[in-house]
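Biologist: Before we discuss particular residues, could we go through the reasoning behind the labels, one at a time?
Modeller: Gladly; here is the model.

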Amino acid sequence: MTANDIPQLGAPIVLVHGLCGYDRVTAFGRPLKDYFPGIRPQLEASGNRVLMPRLSCTRGVAERAGELKRYLLANVPSGPVHLIGHSMGGLDARYMISHLGMADRVRTLTTVGTPHRGSPFADWGLKRFGGLLAPFFQLLGLSTQAFFDLTSAVCARFNATVRDVPGVRYFSVAGVCDGPLLGSGWRLPHEIVRRAEGANDGVVSVASATWGEHTDVWDGDHLNLVNWPNREARKRGVWDSLAPDYGRIIRRIATVE
């Protein structure tokens, strides 16, 4: 897919990172790593304005949603935006739309690998390591709320109060990672989630990631969904860049803009 195949939207596109994420890492004024590698330049090449906020790494959804709102008000003072949120970033966006008075500013939200119903791996991890995690993060001056906000129980309460807003169009992308796509680092969480909820991207099941009026299912692990390379699968000749798939997201958005 080329830039000519991706429509130019009238509103900016905002890429929202997930847990422990970032916008772009730079050194000596030069970019080293994007959280969404290859995606921003591809969308910009077709004339789109693309923004990438940097939210807190491990604060809870409510706090990160407030940060997202402040970023949007500072960088897009008026007019609509299209949000694409990866993982926890999708929950942040939903909260902001529903509870922080931003519904009239968001035209569409596309969540990518977002645990709308929580992740069994978060449940498993907190049950076994939560007691060790808290003192370590406190020592570093970091919040642990994000890890709790991704559990099944907390997400169930979240969904009871954070409702989709009429007038905002909601779409989603889920991932399936198995067979030759399943790298060694994902095998334990993948199996934990598979036993509980079936097909998944390594940490989030298709069932949990499904949201809104349409869901695409892509092949890849949780980070492949934002185009982080799957080196093991690439060596096997079964993985390629997923950046072109974002063109499909933009084309769908264009039909409702």
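**Labels and their grounds**

Modeller: Let me start with Pro80, which is partly exposed, with a relative accessible area of 26%; please keep in mind that this is a predicted model.

Biologist: Why is Pro80 called partly exposed?

Modeller: The relative accessible area of Pro80 is 26%, and since buried means under 20% and exposed over 50%, with partly exposed in between, the value calls for the middle label. Pro80 lies in the loop between α2 and β5 (81–86), where, leaving out residues up to four places away in sequence, it touches Ala11, Pro12, Arg105 and Arg107. The C-alpha atoms of Pro80 and Pro12 are separated by 7.5 Å, although the two residues are 68 residues apart along the chain.

Biologist: What makes Glu67 count as buried?

Modeller: Glu67, which belongs to helix α2, has a relative accessibility of 14%, and because the cut-off for buried is under 20%, the label follows.

Biologist: How do you know that the side chain of Glu67 makes a polar contact with the side chain of Ser56?

Modeller: The distance is 2.4 Å, and a polar contact requires a pair of N or O atoms within 3.5 Å, so the distance meets the limit. Beyond its neighbours within four places in sequence, Glu67 is in contact with Leu55, Ser56 and Arg59.

Biologist: Which residues of helix α6 (residues 152–161) are buried, and what puts them on the same side of α6?

Modeller: Cys155, Phe158 and Asn159 are buried in α6; they cover an arc of only 95 degrees around the axis, which places them on the same side of the helix. The buried residues of α6 pack against α2 (61–75), α3 (88–99) and α5 (145–149).

Note on methods. Residues are numbered from 1 along each chain as its sequence is written. This is a predicted model: local features need pLDDT of at least 70, side-chain atom pairs count only at pLDDT 80 or more; totals for chains, interfaces and linings use all residues. Side-chain values use heavy atoms; hydrogens and water are left out. Buried means under 20% relative accessible area, exposed over 50%, partly exposed in between (1.4 Å probe, protein chains only). Helices (H or I, at least four residues) and strands (E, at least two) are DSSP runs, numbered from the N terminus. The arc is that of the directions from the helix axis to the C-beta atoms. Contact means heavy atoms within 4.5 Å. A polar contact is a pair of N or O atoms within 3.5 Å; within protein, one must be able to donate a hydrogen and the other to accept it, and residues adjacent in sequence count only if both atoms are side-chain atoms.
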